[in-house]
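Colleague: I am new to structures like this one. Please walk me through the terms and show how each one is earned.

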Amino acid sequence: MSHLPSRGGPQTDRPTLTRHPAWQALVEHHRSIADSHLRQFFADDPERGERLNAEAAGLYLDYSKNRINNETIRLLLDLAGNCGLPERIDAMFCGDAINTTEKRAALHTALRAPAGACIVLDGVDVVPEVHAVLDQMATFADAVRGGLWLGHTGKRIRHIVNIGIGGSDLGPVMAYEALKHYCQRNLSCQFVSNVDATDLVEATRGLDAAETLFIVCSKTFTTLETLTNAKAARAWSVAQLGDEHSVARHFVAVSTNAEGVAEFGIAPTSMFGFWDWVGGRYSMDSAVGLSLMLAIGPGHFRAMLDGFHAMDEHFRGAPFGQNLPVLMGLLAVWNTDFLEAQTQAVLPYDQYLKRFPAYLQQLTMESNGKHVTQAGARVDYATSPIVWGEPGTNGQHSFYQLLHQGTPLVPCDFIGFCQSLNPLDSQHDLLMANLFAQTEAMAFGKTADEVRAEGTDEALVAHRVFEGNRPSNTLLAERLTPFTLGALVALYEHSVFTQGVIWDIDSFDQWGVELGKLLAQQTAAELASARAPTLTHDSSTNALIRRYRQLRKESP
């Protein structure tokens, strides 16, 4: 497709969002129900729990415990249509340059398209390229997992260390933890992202370099943090193995920079490519997921891609009133801009999903943490919520106090599975009982009269009241499989995209990360200087640099 921003570009004739008639209708509607409580919503419509739900790709969404009624949904769907969401979805799947500030497509959906599909970008069908890389990954993964790929000394590879940052780390580590049940247990996986040397040192502590394979994930092979760690890992490996040529058997790269990869000592056949139309936070299902494929095997990896694709097809074709990503995206807009919620908690009731909230932090906040529209105008409404969360009952004993009785309103996404991958007596029933109870308590609370009826001392009544009226979504699936994980990730990808379309922002760039990087390069040179440098920062930064230089000592 052409990179001209036709269907996917900024709509310069679009009214300012807050002045749009569809937005104003929601403002008026919010005034009319602002004082309504979820208790009343359910009393007026006892069957709403049977109606306000949707299902796709093995995921069941109950959104009945949101502070909405039928009119809210109708008006939100009207807003989506008026903001051009159908056209923008079409533009994304067709490969238009919807990443307008970088003039690129955002075609991550092509990464999970089946082999028979045809997706043309700039005159080239990209699907065969995608599957060629997948086949290359599968061949390599089978060789490592089967003991055919040996290290420099002839030993079998038993340890994988993925070196990346941002999407090249958060996606693979989340998916590895999520699918650990399916992993080959004689292969251990470590993930290094922080430029803090401790991250690499602890990841490699006790490992035998002769049995260790490093995967360096950097599209340009110039990412400062990743290359710093990769060079340190190279030095560690060569120091143990005693031969520079050993690098070719113990390092592979996920990159597009063949020259830089070869200069590092990695063989061209050990480079796995990807494309400019894959954003970092959307890349875990590309070659960036090589560490995951090594861990779970090509078959499970392809099953995960099938889950992604199933949700892609649902998002692209389902009516908006039954479209999971659209509904979740619109509810996020409602909670953020009309209920003025500043954060969103993601609460997976499955220990395997312990890194899922951290993954969603980048997906959501790097995508939609923007203060200008696609046309460059300052927004006059809130965009991305702050995303946070912890798994299961762990959170109940730390921050749920605030969720229930705190002053901030925190909409919650609860995620649960009907079957445990590790059943022990009735523990899974207890886990899920907690999930259902928490959604009920947050929605309906406990009134002062109900507290008094329990015989509570009057002096304690106010302390034991739960106001309720705290909105939540509940996502249920049969069990956590590779397919389910793919569908779940794609659900949130498309929900975030939906929010970005409504807010008229570019969800696929990330200029906000650039300034700190540029300043860090200048400051790093000042810290490394043998002589005290002339500092030109503000007085606070200058003082901090001088203090650091004064107290810095050689490592023991």
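Colleague: What makes the five strands β6-β5-β7-β8-β9 an open sheet, and which of them stand at the edges?

Modeller: The order is β6-β5-β7-β8-β9, with parallel pairing. Strands pair if DSSP finds at least two bridges between them. β6 (188–192) and β9 (271–272) each have a single partner strand, so one side of each is left without a neighbour in the sheet. These two therefore stand at the edges. A strand here is a DSSP run of E with at least two residues, a helix a run of H or I with at least four, and both are numbered from the N terminus. This is a predicted model: local features need pLDDT of at least 70, side-chain atom pairs count only at pLDDT 80 or more, and totals for chains, interfaces and linings use all residues. Residues are numbered from 1 along each chain as its sequence is written, and side-chain values use heavy atoms, with hydrogens and water left out.

Colleague: How do you know that β5 and β7 pair?

Modeller: Count the bridges. Five of them join β5 (residues 159–163) to β7 (residues 212–217). At least two are needed, so the two strands pair. They run parallel. In this pairing, H159 stands opposite T212 in β7.

Colleague: Which helices lie across β6, and at what angles?

Modeller: Helix α7 (residues 167–178) lies across β5, β6 and β7, at about 150° to β6. Helix α8 (residues 197–204) lies across β6 and β7, at about 170° to β6. The angles run from 0 to 180 degrees between N-to-C directions, using lines fitted to C-alpha atoms, for helices over the stretch in contact.

Colleague: Why is F264 called buried?

Modeller: Its relative accessible area is 8%. Buried means under 20%, exposed over 50%, and partly exposed in between, with a 1.4 Å probe and protein chains only. At 8%, F264 is therefore buried. F264 is in helix α11 (residues 258–264). Leaving out residues up to four places away in sequence, F264 touches F221, A230, K231, R234, V247 and F251. Contact means heavy atoms within 4.5 Å. A230 is 34 residues from F264 along the chain, yet their C-alpha atoms are separated by 9.3 Å.

Colleague: K103 and D122 now: is each exposed, partly exposed or buried?

Modeller: K103 has 60%, over the 50% mark, so K103 is exposed. D122 has 47%, which falls between the cut-offs, so D122 is partly exposed. K103 is in the loop between α5 (85–94) and β3 (120–121). D122 is in the loop between β3 and β4 (124–125). Phi of K103 is near 55°, a positive value in a residue other than glycine. For D122, phi is likewise near 55°.

Colleague: What makes a space a pocket, and how much volume does the largest pocket have?

Modeller: On a 1 Å grid over the protein atoms alone, a pocket is an open set of points where a 1.4 Å probe fits, with protein on both sides within 12 Å along at least five of seven lines. The largest pocket has about 1,200 Å³, counted as the space filled by probe spheres set on points joined across faces, edges and corners. Its lining has 41 residues, and T223, Q510, V513, E514 and K517 lie nearest the centre. A lining residue has an atom within 4 Å of a point. α22 (514–528) gives the most to this lining, five residues.
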